[in-house]
Amino acid sequence: MEKKFSRYSRQIFMEEVSIEGQKKLDQSRVLVIGAGGLGSAILPYLAAAGIGKLGVIDFDQVEFHNLNRQVIHQEKFVGQSKIKSAESYIHQFNSDIEFIGYNAKLTSGNIEEIFSGYDMIVDGSDNFETRYLVNDYCVSMGKPLIYGSIYSFEGQIAVFNYQGSKNLRDIFPLAPNPEEVPNCDQFGVLGALAGMTGSMMAMLALKVILEIEVPINQLTIIDSKHWSFLQVGF
């Protein structure tokens, strides 16, 4: 207990956290979708805060072009699974975390079983097929969802399906045609945007666990090129 207090003391000292809040974090079970750009910011800050059970699902391997933004991965893991790389990072960073890695593609066939072990989902996926799959199962299973996406200089974040709030289909009822959607492969992305957006997603996740008020029915649009932050209600 003394070790944990020493590690988390700077957040325990906060009135909004305290010992009781740290216990909530320790008892929480959070699943992160994707160990890529967003996941590389989400995972360290959730682990740093002392999330008790931290899961991540990703079926990709680490590639050199990932390294400009996926900062939990190292050159020595290029060609190996992102899950193996993420596990190495988390175990070295915080050995108290129960880390569960799923080296698999999230599908309608495995999603319910995987989601059943977690209280909250943080979606750092990079395609609309997965985002809508995640959203719909969060709704059907009653799980809060922290949503985020990035490309070029722009990021988006929102809290869905929390305390009766709306979800992804309430703002975007149908998934767009993938060919019409800009993405990082086409337009690129500055790595720091992934860090900004992922850190904000981690903050929202922590606030939900700590029962601190978060914006609901609101999409935050981050324009890092012109340095503006727009909140859009829906």
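## A loop residue: L174

L174 sits in the loop between helix 7 (168–171) and helix 8 (184–187). The model is predicted. Is L174 buried or exposed? L174 is exposed, because its relative accessible area is 69%, and the cut-off for exposed is over 50%.

Leaving aside neighbours within four places in sequence, L174 is in contact with Y132 and R169. L174 and L133 are 41 residues apart in sequence. Their C-alpha atoms are 12 Å apart in space.

## The sheet

Eight strands form an open sheet with mixed pairing. Their order is 3-2-1-4-5-6-7-8. Which strands stand at the edges? Strand 3 (98–102) and strand 8 (228–233) do. Each has a single partner strand, so one side of each is left without a neighbour in the sheet. Neighbouring strands are turned by 15° against each other on average, direction ignored.

Strand 1 (residues 29–33) and strand 4 (residues 120–123) run parallel and are joined by four bridges. Within this pairing, V30 of strand 1 has M120 of strand 4 as its bridge partner. In general, strands of a sheet pair through backbone hydrogen bonds.

## Helices across the sheet

Helix 6 lies across strand 1, strand 4, strand 5 (145–151) and strand 6 (154–160). Against strand 5, helix 6 runs at about 170°. Helix 9 (residues 191–209) also lies across strands 1, 4, 5 and 6, and across strand 7 (218–223) and strand 8 as well. Helix 9 runs at about 175° to strand 5.

T130 belongs to helix 6 (residues 128–141). T130 is buried, because its relative accessible area is 13% and the cut-off for buried is under 20%. Not counting residues up to four places away in sequence, T130 touches I33, L106 and S125.

## Helix 2: two sides

Which residues of helix 2 (residues 18–27) are buried? They are G21, Q22 and L25. Seen down the axis of helix 2, these residues fall within an arc of 100°, so they line one face of the helix. E20 and Q27 are exposed on the other side.

The buried residues of helix 2 have several packing partners. These are helix 1 (2–12), helix 3 (39–49) and helix 9.

## Nonpolar cores

The largest nonpolar core has 40 residues. V32, L46, I51, L54, V122 and I146 touch the most other members. Elements that each supply at least two residues include strand 1, helix 3, strand 2 (53–57) and helix 4 (82–93). Strand 4, strand 5, strand 6 and helix 9 each do so too. Which element gives the largest share? Helix 9 does, with nine residues.

I146 shows the contacts of one such member. Not counting residues up to four places away in sequence, I146 touches M120, I121, V122 and D123. I146 also touches A158, V159, M201, L204, A205 and V208. A second, separate core of 22 residues includes L106, Y132, L133 and F234. Of these, L106 touches T130, and Y132 is in contact with L174.

## A record to set beside the model

For residues 30–51, an unreviewed UniProt entry lists a "transmembrane region". In the model, this span is 50% helix and 18% strand. The end C-alpha atoms of the span lie 7 Å apart. One end residue, V30, has its bridge partner, M120, in strand 4. The other end residue, I51, is among the core residues that touch the most other members.

Key
Residues are numbered from 1 along each chain as its sequence is written. This is a predicted model: local features need pLDDT of at least 70, side-chain atom pairs count only at pLDDT 80 or more; totals for chains, interfaces and linings use all residues. Side-chain values use heavy atoms; hydrogens and water are left out. UniProt positions are given in the numbering used here, feature names are shortened, and annotations may be inferred rather than shown by experiment. Buried means under 20% relative accessible area, exposed over 50%, partly exposed in between (1.4 Å probe, protein chains only). Contact means heavy atoms within 4.5 Å. Two strands pair if DSSP finds at least two bridges between them. Axes are lines fitted to C-alpha atoms, for helices over the stretch in contact, and angles run from 0 to 180 degrees between N-to-C directions. The arc is that of the directions from the helix axis to the C-beta atoms. A nonpolar core is a set of buried Ala, Val, Leu, Ile, Met, Phe, Trp, Tyr and Cys residues joined through side-chain atoms within 4.5 Å.
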